[in-house]
Structure formats: structure tokens, C-alpha cells
Amino acid sequence: MTTPPGYPDPAAPHPESAAGPVPSYAAVRPEPRGTIAWALGFLAYVPIPFVNVLVAGITQLVVGLRQRRHGGLAAENGVRAANWGLTQLCWPVLMAFSLALGVLTGEPTGDGVLFHPAMEAVVVTVVILYFVLGLMQLIYAIVGTVQASRGARVGLPVIPFLRRPRG
């Protein structure tokens with residue numbers, strides 16, 4: 001019995017099996033680098049003044065610490081981002097402390113509290129630091145995200161609250 005024209009011969013080997021195994025084009029996940037912890041720094045630009053610093057700092061802290069489970073570069077960049085998140089969180093603490101000290105050392109008036117002139121300077125300085133922190137956050141978010149996405153160790157200066165991972 002012959003095979004009709006236009007149909008493959010059932011006795012012939014399948015063309016894919018003759019060439020070997022079929023290559024798999026499944027997506028290969030790249031090794032984690034801790035990029036997400038730095039990219040979340042852009043949350044500081046949520047248009048809610050003062051709260052945005054808290055949101056960005058806490059988010060970078062939590063996500064940065066979670067990068068430690070990946071190990072390697074992701075852990076190191078994650079801890080650096082977590083340290084930057086904690087550095088950002090120093091500002092709200094400083095602001096609350098300076099305002100509380102200003103109220104405690106000020107003179108009560110009918111409309112509120114009149115700050116001591118030295119405390120006015122402290123509060124104005126802390127408010128200026130808010131804008132400096134905003135500029136630094138933009139720079140750190142861009143540089144940290146780019147460096148981590150390229151597979152490099154993010155070397156931005158931060159206060160080292162947390163130790164780098166071992167190994």
C-alpha cells in the first residue's frame with residue numbers, strides 16, 4: 001500500500017525528532033538584584049506632603065529587608081535600600097522632636113504658641129531639610145535603580161543602621 005501524494009509517510013521519522021529535542025523558549029528569570037527596593041523610592045513623590053517620606057522610607061525598609069532571602073547581590077542592594085529607608089525616616093523623627101521642643105519651650109498665646117527665636121531657626125532648618133531630602137530621594141531612586149538593574153552593587157552613602165549580609 002502506498003501513501004497518497006501530499007501526505008507524510010507514516011513510517012518516516014518525525015522531522016522534529018530527527019533534529020533532536022525541541023528547544024524550550026520559556027522565559028528565564030534573571031537573578032534578583034535588589035532593583036525593586038530602590039525603585040520603590042519613587043513613592044516619595046506621591047503628592048501627599050510629609051506622608052510621602054514615611055511611605056517611601058517604610059516601603060524601602062520592608063522590601064529591602066525582604067531581598068535578603070534571595071542572597072547575593074539582591075541581599076546586599078536590598079540592605080542598602082533598607083538603610084536608605086531608615087535614613088529617610090530620621091527626618092520625620094527630627095521634625096516631630098523639634099516641633100515638640102518648640103512647643104514645650106515656647107510661650108503660650110491666645111492663638112497658639114510663640115516659639116523661642118532659636119527654636120524657630122531649628123524648625124525652619126528641619127523644613128529646609130525636607131526639601132533637601134526630596135532632592136536626595138530623587139537622585140538616590142534614579143541612581144540606585146539604574147545601578148541595581150545593571151547588576152552592580154549600589155554604593156550610595158547611607159547611614160549603616162543594618163549590617164550587610166554575610167557571604
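Student: What share of the contacts in the protein chain with a separation of 6 or more comes from residues 24 or more positions apart?
Tutor: The share is 68%, where contact means heavy atoms within 4.5 Å. This is a predicted model, in which local features need pLDDT of at least 70, side-chain atom pairs count only at pLDDT 80 or more, and totals for chains, interfaces and linings use all residues. Residues are numbered from 1 along each chain as its sequence is written, and side-chain values use heavy atoms, with hydrogens and water left out.

Student: What makes up the secondary structure of the protein chain?
Tutor: There are 5 helices and 2 strands, and along the sequence they follow the pattern α-α-α-α-β-β-α. Helices are DSSP runs of H or I with at least four residues, strands are runs of E with at least two, and both are numbered from the N terminus.

Student: Why is Asn-77 called buried?
Tutor: Buried means under 20% relative accessible area, exposed means over 50%, and partly exposed is in between, with a 1.4 Å probe and protein chains only. Asn-77 has 0% relative accessibility, so Asn-77 counts as buried. Asn-77 is in helix α4, and its contacts outside four places in sequence are Arg-33, Gly-34, Trp-38, Ala-148, Ala-152, Arg-153 and Val-154. Over the protein chain, buried residues make up 30% of the 167 residues.

Student: How do you know whether Gly-57 is buried or exposed?
Tutor: The relative accessible area of Gly-57 is 0%, so the verdict is buried. Gly-57 belongs to helix α3, and beyond four places in sequence it is in contact with Gly-85, Gln-88 and Leu-89. Its C-alpha atom is 7.5 Å from that of Gly-41, 16 residues apart along the chain.

Student: What makes Leu-129 partly exposed?
Tutor: Leu-129 has 37% relative accessibility, which falls between the two limits, so Leu-129 counts as partly exposed. Leu-129 sits in helix α5 and, setting aside neighbours within four places in sequence, is in contact with Trp-91 and Leu-94.

Student: Trp-91 is worth a look, then. Why is the pair of Phe-50 and Trp-91 called stacked?
Tutor: A search of the whole structure finds 5 aromatic pairs. The centres of the Phe-50 and Trp-91 rings are 5.7 Å apart and their planes are at 5°, so this pair is stacked. The rule is that rings of Phe, Tyr and Trp (its six-membered ring) pair if their centres lie within 6.5 Å, with planes under 30 degrees apart stacked, over 60 edge-to-face and the rest tilted. The pair links distant parts of the chain, with Phe-50 in the loop between α2 (35-39) and α3 (51-66) and Trp-91 in helix α4, 41 residues apart.

Student: How do you know which of the terms buried or partly exposed fits Trp-91?
Tutor: Trp-91 has a relative accessible area of 7%, so Trp-91 is buried. Trp-91 also pairs with Tyr-130, at 5.0 Å centre to centre and 45° between the planes, which makes this pair tilted. Trp-91 lies in helix α4 and Tyr-130 in helix α5 (residues 117-149), so the pair ties together parts that are 39 residues apart in sequence. Tyr-130 is buried too, at 12%, whereas Phe-50 is partly exposed at 40%. Ring pairs link Phe-50, Trp-91, Tyr-130 and Phe-131 into a cluster.

Student: What is the sign of phi in Phe-50?
Tutor: Phi of Phe-50 is near 75°, a positive value in a residue other than glycine.

Student: Why is Thr-87 called buried?
Tutor: Thr-87 has 15% relative accessibility, so it counts as buried. Thr-87 is part of helix α4 (residues 72-105), and it touches Val-158, Ile-159 and Phe-161, not counting residues up to four places away in sequence. A polar atom of the Thr-87 side chain lies 3.3 Å from the backbone nitrogen of Ile-159.

Student: What makes the lining of the largest pocket nonpolar, polar or charged?
Tutor: Ala, Val, Leu, Ile, Met, Phe, Trp, Tyr, Cys and Pro count as nonpolar, Asp, Glu, Lys and Arg as charged, and the others, Gly among them, as polar. The lining divides into 3 nonpolar, 4 polar and 3 charged residues. Among the lining residues are Arg-29, Glu-31, Gln-67 and His-70.

Terms used:
A polar contact is a pair of N or O atoms within 3.5 Å; within protein, one must be able to donate a hydrogen and the other to accept it, and residues adjacent in sequence count only if both atoms are side-chain atoms. On a 1 Å grid over the protein atoms alone, a cavity is a set of points where a 1.4 Å probe fits but cannot get out, and a pocket is an open set with protein on both sides within 12 Å along at least five of seven lines; lining residues have an atom within 4 Å of a point.
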